[in-house]
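Reader: I have a new structure open in front of me, and I would like to learn how to read it. Could you walk me through it?

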Amino acid sequence: MAPFRKEREAKPMANTSLRVAIAGLGPIGKKVAEALDQGIDGLTLAAVSAQNPEKHHNWLGSLKKKPAVLPIEKLSDAADIAIECAPAKLLRSIVAPFVEKGKTAIVLSAGALLENEDLVELARKNGGQIVVPTGALIGLDAVTAAAVGEIHSVRMVTRKPVNGLAGAPFLVENNIEIESIKEPLKIFDGTAREAAKGFPANLNVAVALSLAGIGPDRTRLEIWADPALTRNVHRVEVDSDSARFSMSIENIPSENPKTGRITALSVIALLRKQRAALRVGT
Ligand SMILES: NC(=O)C1=CN([C@@H]2O[C@H](COP(=O)(O)OP(=O)(O)OC[C@H]3O[C@@H](n4cnc5c(N)ncnc54)[C@H](O)[C@@H]3O)[C@@H](O)[C@H]2O)C=CC1
Ligand SMILES: O=C([O-])CC(=O)C(=O)O
């Protein structure tokens, strides 16, 4: 027998469709649901969860194939993969049922993972997986590669328009008023862990970066409110024993001013990789 033939025959592509559930129908959830409804190879949109399903009646009716509409706690009965795109406080209730059944949870509210670290152990024990996509950031492939060696430092500077930051707990607790600023104002200088607490709906990217690299206590972050900006701008600098690199991204906000449009596209790209014959990037 030819030496390579056996291996080729032994590894057919899986042909059962993976059922996907989406928890949260904000700008990210809806965009990803629409892409699944349009068709992604090997995946089907099986179920969605919304705080107020009635509000989404027309949108659900516009889909080619209407998914089941279920409360969060029922999603893991209906799907193999969950996509968490809900407020951070719901992370645990969405992720735990999936990973304890050995299934996959794709997490957008990455900041909330820091207060629910035991979910990673739960996934490990049961053969499940928690996946944090690159989301609104850039270059997590390079950061994870550098982390195989030794990373000396990771610094990130985020600049956002005022409405991308307004209402964050850190600003409220420290009486920092940004609504009437006329010049850029540095509002935070600390670690990714501290940012996750102070800006739970605004800086998931910093936590994703820290999990890819040297962790939430060594990843440094500055946050600026800039009244002249219309985009969410992130600049990252990494120094390691394999490479020094810097990268920046200027995100156009979605209907949610805190969330860059590219975030949903990052999830769609990740879903397309699930059954692709060619995968590019780590
Ligand atoms: N990792 C990353 O790069 C990024 C992460 N994010 C995070 O992703 C998450 C989703 O982002 P967006 O779509 O902009 O948020 P959003 O706040 O606009 O949407 C969340 C949706 O969840 C719904 N929801 C609330 N309670 C619910 C419940 N009990 N059951 C089902 N749905 C419920 C809300 O009604 C809302 O429609 C947020 O936590 C955001 O901070 C956002 C941008 C980048
Ligand atoms: O990290 C986040 O939650 C959102 C963010 O900065 C962006 O979309 O640019």
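**Reading two ligands, two domains and a helix**

Author: Gladly. A backbone N or O atom of G26 lies 3.4 Å from an oxygen atom of ligand 1. Keep in mind that this is a predicted model.

Reader: Which other residues have an N or O atom that close to an oxygen atom of ligand 1, and at what distance?

Author: P27 also uses a backbone N or O atom, at 3.4 Å from an oxygen atom of ligand 1. With N256 the partner is a polar side-chain atom, 2.9 Å from an oxygen atom of the ligand. As for cover, ligand 1 taken alone exposes 860 Å², and the protein buries 84% of that.

Reader: How many residues are around ligand 1, and which come nearest?

Author: There are 23 residues around ligand 1, and S109, A136, N204, N256 and T259 come nearest. Helices α2 (27-38) and α10 (204-212) each supply at least two residues of the shell. By class, the shell around ligand 1 has 13 nonpolar and 10 polar residues, and no charged ones.

Reader: Now the other ligand. Which atoms of N204, V205 and H234 lie by an oxygen atom of ligand 2?

Author: Here we look at the pairs one by one. N204 has a polar side-chain atom 2.9 Å from an oxygen atom of ligand 2. V205 places a backbone N or O atom at 2.9 Å from an oxygen atom of ligand 2, and H234 has a polar side-chain atom at 2.8 Å from one. Ligand 2 has 270 Å² of accessible area on its own, and the protein covers 95% of it. Two or more residues of its shell come from each of α10 and β10 (232-240).

Reader: What is the make-up of the shell around ligand 2 by class?

Author: It has 4 nonpolar, 7 polar and 2 charged residues. Of the 13 residues around ligand 2, those that come nearest are K160, N204, V205, H234 and G260. You met N204 before, among the residues that come nearest to ligand 1.

Reader: How is the chain divided into domains?

Author: The domain assignment gives domain 1 (5-135 + 263-273) and domain 2 (140-259). Their C-alpha centres lie 25 Å apart. At the contact between them, 15 residues of domain 1 meet 14 residues of domain 2. Ligand 1 brings the two domains into one picture: its shell draws at least three residues from each of them.

Reader: Let me try a helix. Is α5 mostly covered or mostly uncovered?

Author: To judge a helix, count its buried residues. Helix α5 (residues 91-99) is mostly covered, with 7 of its 9 residues buried. These are L91, I94, V95, A96, P97, F98 and V99. They pack against strands β1 (18-23), β4 (81-84), β5 (104-107) and β6 (129-131), and against helices α4 (75-78) and α6 (118-126).

Reader: And how do I read a single residue, say N116? Why does it count as buried?

Author: Start with its place, which is in the loop between β5 and α6. N116 counts as buried because its relative accessible area is 13%, and the cut-off for buried is under 20%. Next, follow the side chain. The N116 side chain makes a polar contact with the side chain of R92 at 2.8 Å, and reaches the backbone oxygen of A112 at 2.9 Å.

Reader: Which residues does N116 touch, leaving out those up to four places away in sequence?

Author: Leaving those out, N116 touches L91 and R92. L91 is one of the buried residues of α5, the helix we have just read.

Note on methods:
Residues numbered from 1 in each chain as written. Chains lettered and ligands numbered in written order. Predicted model: local features only at pLDDT ≥ 70, side-chain atom pairs only at ≥ 80, totals over all residues. Heavy atoms only, no water. Near = heavy atom within 4 Å. Polar contact = N/O pair within 3.5 Å; in protein donor to acceptor, adjacent residues only side chain to side chain. Areas by Shrake-Rupley, 256 points an atom, 1.4 Å probe, with all protein chains shown as cover. Helix = DSSP H or I, 4+ residues; strand = E, 2+ residues; numbered from the N terminus. Nonpolar A, V, L, I, M, F, W, Y, C, P; charged D, E, K, R; others polar. Domains from an automatic or database assignment. Buried < 20%, exposed > 50% of the residue type's maximum accessible area, 1.4 Å probe, protein only. Contact = heavy atoms within 4.5 Å.
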